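Thank you all for making time this morning. Please keep the structure in view while I talk, and follow each element along as I name it.

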Amino acid sequence: MKVVVGNRPLLEASALEKSFDYQLFKDLSLSLYSKQSVAVMGRSGTGKSTLLHILSTLLKPDSGKVFLNGEDIYSLKEEKLESVRRREVGIIFQSHYLFKGLSAYENIETATLLAGTKIDRSIFEMLEIDHVIDNKVSDLSGGQQQRVSIARVLSKKPKIIFADEPTGNLDKETANMVMDALNSYIISNNAALFLVTHDQTIANKAQKLYQLENKRLNIR
Ligand SMILES: Nc1ncnc2c1ncn2[C@@H]1O[C@H](COP(=O)(O)OP(=O)(O)O)[C@@H](O)[C@H]1O
Ligand SMILES: [Mg+2]
């Protein structure tokens with residue numbers, strides 16, 4: 001019988017520390033629960049992207065632990081970590097990597113085949129790409145391409161979405177639409193959102209707002 005644990009966070013990070021040329025952060029902890037969204041702001045070079053990479057399986061911290069869905073991810077074998085990355089985690093970057101010669105639909109389908117999920121057309125409607133879904137990616141505008149790449153990530157049905165400046169290349173109206181879509185996704189899928197942004201308006205759409213400064217995450 002599967003035991004359902006009530007209030008376990010989807011993401012739990014403790015005592016994280018990371019340095020490159022200089023120390024970016026130390027003793028950094030964070031919890032993220034189902035249906036919760038957090039935004040991280042902070043000056044360039046403070047380590048926001050590095051933190052996002054550490055939380056999202058891409059980069060091992062110098063010390064500290066990251067639990068995703070209860071799993072201590074950096075203690076896993078590479079193969080298992082790869083499977084967590086593929087099934088539980090959705091990562092959205094400012095610049096996207098779509099197959100330009102394929103249609104928007106085919107790009108999304110490729111991701112769902114790998115993740116073993118079904119296409120959910122409501123995601124296309126939410127991101128207002130349903131009318132261009134059969135067009136070749138190279139025929140779409142930059143904003144449409146970014147929304148297709150977000151639809152591709154959401155179609156994998158990840159438990160946690162990590163977004164690094166996802167609206168950086170979008171006009172205000174489109175940026176708002178994308179944020180509303182991400183928020184609506186996490187509510188209807190019991191998922192969570194970790195967002196890095198420079199944009200105060202976008203950050204205000206998250207439930208919790210942090211500033212990365214002086215090597216720590218401070219609540220704003
Ligand atoms: N893979 C890496 N190798 C060496 N230095 C890195 C690497 N990734 C990031 N850095 C350095 O870490 C600092 C923080 O980078 P980053 O996390 O991208 O900051 P932010 O996203 O807040 O602008 C920068 O000084 C950057 O040059
Ligand atoms: Mg960055």
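Let me begin with two helices of this predicted model, namely α3, which covers residues 104-115, and α5, which covers residues 142-155, and which pack at an angle of about 25° with their axes 8 Å apart. Since angles under 35 degrees count as roughly parallel, that angle makes α3 roughly parallel to α5. As for the handedness, α3 passes α5 in a right-handed crossing. Which residues meet there? From α3 we have Ala-104, Asn-107, Ile-108, Ala-111 and Thr-112, and they meet Val-148, Ala-151, Arg-152 and Ser-155 in α5. If you sort this contact of α3 with α5 by class, you find five nonpolar residues, three polar ones and one charged.

Let me turn now to the sheets, beginning with the open sheet of six strands, whose order is β6-β7-β8-β3-β9-β10 and whose pairing is mixed. Its edge strands are β6, residues 89-92, and β10, residues 216-219, each of which pairs on one side only. Between neighbouring strands of this sheet there is a turn of 20° on average, with direction ignored.

You can see what mixed pairing looks like by following β9 to either side. With β3, which spans residues 37-41, strand β9, residues 208-213, pairs in the parallel sense over four bridges, and there Met-41 stands opposite Gln-211 in β9. With β10, on the other hand, β9 pairs in the antiparallel sense, also over four bridges, and Gln-211 stands opposite Asn-218 in β10. Gln-211 is therefore a useful residue to look for, as it has a partner in β3 and another in β10, and I would remind you that in a regular strand the side chains alternate between the two faces of the sheet. The strands β9 and β10 also form a hairpin, with two residues between them, and in that turn Asn-214 has a positive phi of about 50°.

The other sheet I would like to show is an open one of four strands, in the order β2-β1-β4-β5, with antiparallel pairing. At its edges stand β2, residues 23-32, and β5, residues 71-72, and because each has a single partner strand, one side of each is left without a neighbour in the sheet.

How many bridges join β1 to β2? There are six of them, between β1, residues 11-19, and β2, and the two strands run antiparallel; one pair to look for is Ala-13 with its bridge partner Leu-30 in β2. These two strands form a hairpin with three residues between them. Towards β4, strand β1 is joined by five bridges, again running antiparallel, and here Ser-14 has Lys-65 of β4 as its bridge partner.

Across this sheet we find helix α1, which lies over β1, β2 and β4, the last of these being residues 63-68, and runs at about 130° to β1.

Helix α1 also brings us to ligand 1, because we should ask which element gives the largest share of the shell around ligand 1. It is α1, residues 48-55, which contributes three residues. The residues around the ligand are Phe-20, Leu-24, Gly-42, Ser-44, Gly-45, Thr-46, Gly-47, Lys-48, Ser-49 and Thr-50, and by class they divide into two nonpolar, seven polar and one charged.

Technical notes:
Residues are numbered from 1 along each chain as its sequence is written. Chains are lettered from A and ligands numbered from 1 in the order in which they are written. This is a predicted model: local features need pLDDT of at least 70, side-chain atom pairs count only at pLDDT 80 or more; totals for chains, interfaces and linings use all residues. Two strands pair if DSSP finds at least two bridges between them. Axes are lines fitted to C-alpha atoms, for helices over the stretch in contact, and angles run from 0 to 180 degrees between N-to-C directions. A residue is near a molecule or strand if its C-beta atom, placed from the backbone, lies within 6 Å of it. Ala, Val, Leu, Ile, Met, Phe, Trp, Tyr, Cys and Pro count as nonpolar, Asp, Glu, Lys and Arg as charged, and the others, Gly among them, as polar. Angles under 35 degrees count as roughly parallel, over 145 as roughly antiparallel, 65 to 115 as roughly perpendicular and the rest as oblique. A crossing is left-handed if the near helix is turned anticlockwise from the far one by less than a right angle, and right-handed if clockwise. Two residues are in contact if their C-beta atoms, placed from the backbone, lie within 7 Å.
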